[in-house]
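Here are my notes on the model you sent, as numbered points. Please read them with the structure open.

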Amino acid sequence: MKVIVLGAGINGTTCALKIKEKYPDYDVTLLGAQFSPNTTGDGSGGLWYPYFCGKTPEALIRKWGIETYGQLLYLWRQGGYGISLQPVYAMYRDGTHSAPEWTNHVFGYVELDSKQLEYFNKLFSVQYVAGNTFNTFVVNPSTLLKRLEQQLDELKVTRKQGSVKSLTDSMLRHYDVIINCTGLGAREVVPDDKVHPIRGQILKVDAPWVFYTIQDKCSGHYIIPNDTFCVLGGTGQANNYSTEVNNDDTDFIERGCHNLIPSLKTANIQKYFVGLRPARDEVRAEAERINGKLYIHNYGHGGSGFTLFWGCGSTVLELFEKHVAINNTSKL
């Protein structure tokens, strides 16, 4: 059987890996317009935290997210994948906020009490009225992607640079199954007008003295350190297709993050980055037949690519296994 996975980000790479591991005799190709370190995911914060998932059912966020959380734990224990385990603090300046169901399945989730809030208000010079914390994983995206690509090469998955214009592109005619992980490209390739960009601008700086993630849920600022650099963000601008660095956004990010941790003013700036998160009203992970051929869709992850990738990959594999079972039965 010949299988092609469209899109070489974290989701496409994961799907190719899972299928090839399960069916080593199948011919699996991964087609990407870019490979690491040039994918959108390479520039992301790499934080495990459900973000910009639209109206994706909470049960699916928990299912996919917690399976991914468990895989990141496994890889963190192995070492060498660029994964850090650290506290994350989500802080609120107003209102009341209910904890989503997935918080029951992560390490050490607690709501901050008044004494803890007083401490953080002094630490960050902001008047927060609520907050929570738990231990999460932060991925250095390029390190993880490179390790997964090495595994694909060892399994003899073919990696090709290129793209398709539609799901019926002539390039696909020789393949039996197409796995669609085209991200924002799904808007044109499927086509699916529910897919839209959420523009994210960040700075990557040297700040080895920062050991935890903080998110200001009201201002939109966040600080995410990993094993190589620290991400300062950010923006979440829906339907903005610009990939140019905007000076006003840079000023907004620097002012907000420097206010939280003033020592970041001295941090050396490695890189400015703009990426377009592939958002949708909800994640699409389902199969359909087009002209008798099986297509499995896996896109619309918004800002949660590194939060949902392993769980979504498992759903793709389950859908693929059903197809294989039906195929084998029909040959009897």
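1. Threonine 250 is part of helix α6, which covers residues 247-260. Please keep in mind throughout that this is a predicted model.

2. Is threonine 250 buried or exposed? Its relative accessible area is 6%, so threonine 250 is buried, the cut-off for that term being under 20%.

3. The side chain of threonine 250 has a polar partner: the side chain of glutamine 201, at 2.9 Å. Leaving aside residues up to four places away in sequence, threonine 250 touches Gln201, Leu203, Val245 and Tyr272. Gln201 therefore appears both as a polar contact and in the list of touching residues.

4. How many disulfides does the structure hold? The count is zero. For cysteine 181, the closest cysteine sulfur belongs to cysteine 15 and lies 3.9 Å away, which is too far for a bond because a disulfide needs the two sulfur atoms within 2.5 Å. Cysteine 230 is in no disulfide either; its nearest cysteine sulfur, in cysteine 257, is 8.0 Å away.

5. On burial of these cysteines: cysteine 181 counts as buried at 8% relative accessibility. Cysteine 230 also counts as buried, at 1%.

6. Turning to the surface, Trp76, Leu85 and Phe107 make a nonpolar patch of about 250 Å². Phenylalanine 107 belongs to strand β4, residues 107-111. With a relative accessible area of 36%, phenylalanine 107 is partly exposed. That value is high enough for a place in the patch, because patch residues need over 30%.

Key:
Residues numbered from 1 in each chain as written. Predicted model: local features only at pLDDT ≥ 70, side-chain atom pairs only at ≥ 80, totals over all residues. Heavy atoms only, no water. Patch = residues over 30% accessible without salt bridge, like charges linked within 9 Å, V, L, I, M, F, W, Y side chains within 5 Å. Areas by Shrake-Rupley, 256 points an atom, 1.4 Å probe, with all protein chains shown as cover. Salt bridge = Lys/Arg side-chain N within 4 Å of Asp/Glu carboxyl O. Helix = DSSP H or I, 4+ residues; strand = E, 2+ residues; numbered from the N terminus. Buried < 20%, exposed > 50% of the residue type's maximum accessible area, 1.4 Å probe, protein only. Polar contact = N/O pair within 3.5 Å; in protein donor to acceptor, adjacent residues only side chain to side chain. Contact = heavy atoms within 4.5 Å.
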